[in-house]
Amino acid sequence: MFVSKCLNVNEKGHLTIGGVDTVDIAGKYGTPVIVYDENAVRDNCRAFVRSIDKYYGGNGRVLYASKAFSCLEMCRICSEENMGLDVVSGGEIYTALKAGFPADRMYFHGNNKSEDELKYALENNVGRIVVDNPEELKALSVIAKDMGKTASIYMRIKPGIDAHTHNFIRTGQIDSKFGFALETGEAMECVKLAAETESINLVGLHCHIGSQIFDIDPFVHAAQVMMKFIADIKSQTGIVISELDLGGGFGIKYTEEDKPAAFGAYMEPVSNAIKASAAENDIPVPFVLIEPGRSIAGAEAVTLYTVGAVKHIPNVRTYVSIDGGMTDNPRYILYQSAYTVLCANKADKPRDSVVTVAGKCCESGDLIQENASIQTVERDDILAVLSTGAYNYSMASNYNRVPRPAVLMVKDGNVRTIINRESYEDMVRNDI
């Protein structure tokens, strides 16, 4: 039933997270509410760091992909766990700086960074800027020159890998809004352009082949393609690329059908491929970075809702309406994402009902899950949707002027708020 070791059922038959009764949490803090187990998040951070240290001999770094879930407390945790940050906007940079995160451990991504964002990154000495296209390279060089700075950059490369995942979250193939293509010669042309551009220092390459990937082979293949390109760069230009960011995309367990591999099961074959390619092509093993986001935070949180109406339509379906929906979790409407759903106050009971979990928005498509097997529920029961720690709060909106939920963290039996629940006043704060 459970997608994470941080979940369990207590003697009352209630779902627990980090040993704390979720029904008690819902009663005290209200719903909808997102609840993380801090120890489980930290365990994942440490497992990735140990793995990259083991297989690269300390010659690497784990970056947390902030877009999965960014807030002050997550930045603090990542800083304490000696990680870097993958940031994709001025807002994510600002959040990290506000949390005291070291700017030199930030890596700034994005396919259309604004001039203001590029200036902001340079002003604050962000460690690396991941350049996505020739126009951005030219704009960055002018901005850096005007500021009297040299921008240390990566180039984002499309390695042409089929990641076997949803079309909306495949980013490594040639038909993508992200990065430079290898097949057309565009990538090599821009390497040469970067090399001769004043105020630009090309130090590394980046790739990302997609998200929620369970197969290991695509990651190995991507590493081989990238190392071959590093070798080609050296042979054609004499430039030795010293850093290689292989992105993220590691799958997590949303349902019992999902079978993610252990972190080391990915890291070992990829590191072997990199070392073999380095030896074969007479190039140094680069400083290797990875960017887990979902696999750090995703399975270590649940969202709690209160059940409202239960609507039975004979021979059609049963709708279970909750007090949240697409405003706090748009992933089903975007990707048809599968989730495990259960009744938190009846977690020890059989899941004997098949229902559609419906949100409260004035939108027919506002669904969290269809054909979900859960316990028989009634009004005022507490519904739990598991594995909602990534791309949930970060994608939340105020559609229908619905306030975004509170976010809590559980640690060693204690619960604390890390993001306050929005008020109606919060929503009109910028209105004029």
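**Arg401**

I looked up Arg401 and found it partly exposed, with a relative accessible area of 43%. The model I am reading is predicted. I placed Arg401 in the loop between strand 19 (382-386) and strand 20 (406-411). Next I listed what Arg401 touches, not counting residues up to four places away in sequence: Met427, Val428 and Asp431. With Asp431 there is also a side-chain to side-chain polar contact, at 3.1 Å. I then checked Arg401 against Thr327. They are 74 residues apart in sequence, yet their C-alpha atoms are 9.2 Å apart in space.

**Ser387**

I stayed in the loop between strand 19 and strand 20, where Ser387 lies. Its phi is positive, about 55 degrees, although Ser387 is not a glycine. Is Ser387 buried or exposed? I read 1% relative accessibility, so Ser387 counts as buried, the limit being under 20%.

**Asn125**

I noted a positive phi at Asn125 too, about 60 degrees, and this residue is not a glycine. Asn125 sits in the loop between helix 5 (115-123) and strand 8 (128-131). I read its relative accessible area as 49%, so Asn125 is partly exposed.

**Thr31 and Pro32**

I looked at the peptide bond joining Thr31 and Pro32. It is cis, with omega about -5 degrees. I located Pro32 in the loop between helix 1 and strand 4 (33-37).

**His14 and Asp24**

I found His14 in the loop between strand 1 (7-9) and strand 2 (15-17). His14 is buried, at a relative accessible area of 14%. Which side chain does His14 meet in a polar contact? I found Asp21, at 2.9 Å. Asp21 also appears in the contact list of His14, which leaves aside neighbours within four places in sequence. The rest of that list is Asn8, Val9, Val23, Ala344, Asn345 and Ala347.

I then moved to Asp24, in helix 1 (residues 22-29). Asp24 is partly exposed, at 45% relative accessibility. Asp24 and His14 are ten residues apart along the chain, and I read 9.2 Å between their C-alpha atoms.

**Nonpolar cores**

I turned to the largest nonpolar core, which has 90 residues. Those with the most contacts inside it are Tyr64, Phe69, Ile153, Leu205 and Leu246. Which helix gives the most to this core? I found helix 8 (residues 217-237), with eleven residues. I also noted a second, separate core of 23 residues, with Leu7, Leu342, Ala384 and Ala406 among them. As background, nonpolar side chains tend to be buried together in soluble globular proteins.

I took Tyr64 for a contact list, leaving aside its neighbours within four places in sequence. Phe69 is in that list, and so are Met74, Cys78, Met83, Gly84, Leu85 and Asp86. Further along the chain, Tyr64 is in contact with Pro292, Gly293, Ile296 and Ala297.

**Cavity**

How many cavities of 30 Å³ or more are there? I counted one. The largest cavity has a volume of about 40 Å³. I listed its lining as Cys207, Ile209, Phe219, Ala222, Leu246 and Tyr266. By class, that makes six nonpolar residues, no polar and no charged. Leu246 lines this cavity and is also one of the residues with the most contacts inside the largest core.

**Second largest pocket**

I read about 420 Å³ of space in the second largest pocket. Its lining has 22 residues. Gly251, Ile252, Pro260, Ala261 and Phe263 lie nearest the centre of the pocket. I sorted the lining by class and got 14 nonpolar, four polar and four charged residues. Which helices each supply at least two residues of the lining? I found helix 2 (38-56) and helix 9 (263-281).

**Ser271**

I closed with Ser271, which is found in helix 9. Ser271 is buried, with a relative accessible area of 0%. Leaving aside neighbours within four places in sequence, I found Ser271 in contact with Tyr55 and Tyr56.

Notes. Residues numbered from 1 in each chain as written. Predicted model: local features only at pLDDT ≥ 70, side-chain atom pairs only at ≥ 80, totals over all residues. Heavy atoms only, no water. 1 Å grid on protein atoms, 1.4 Å probe; cavity = no way out; pocket = protein on both sides within 12 Å on 5 of 7 lines; lining within 4 Å. Points joined across faces, edges and corners; volume = space filled by probe spheres on them. Helix = DSSP H or I, 4+ residues; strand = E, 2+ residues; numbered from the N terminus. Nonpolar A, V, L, I, M, F, W, Y, C, P; charged D, E, K, R; others polar. Buried < 20%, exposed > 50% of the residue type's maximum accessible area, 1.4 Å probe, protein only. Contact = heavy atoms within 4.5 Å. Polar contact = N/O pair within 3.5 Å; in protein donor to acceptor, adjacent residues only side chain to side chain. Core = buried A, V, L, I, M, F, W, Y, C linked by side-chain atoms within 4.5 Å.
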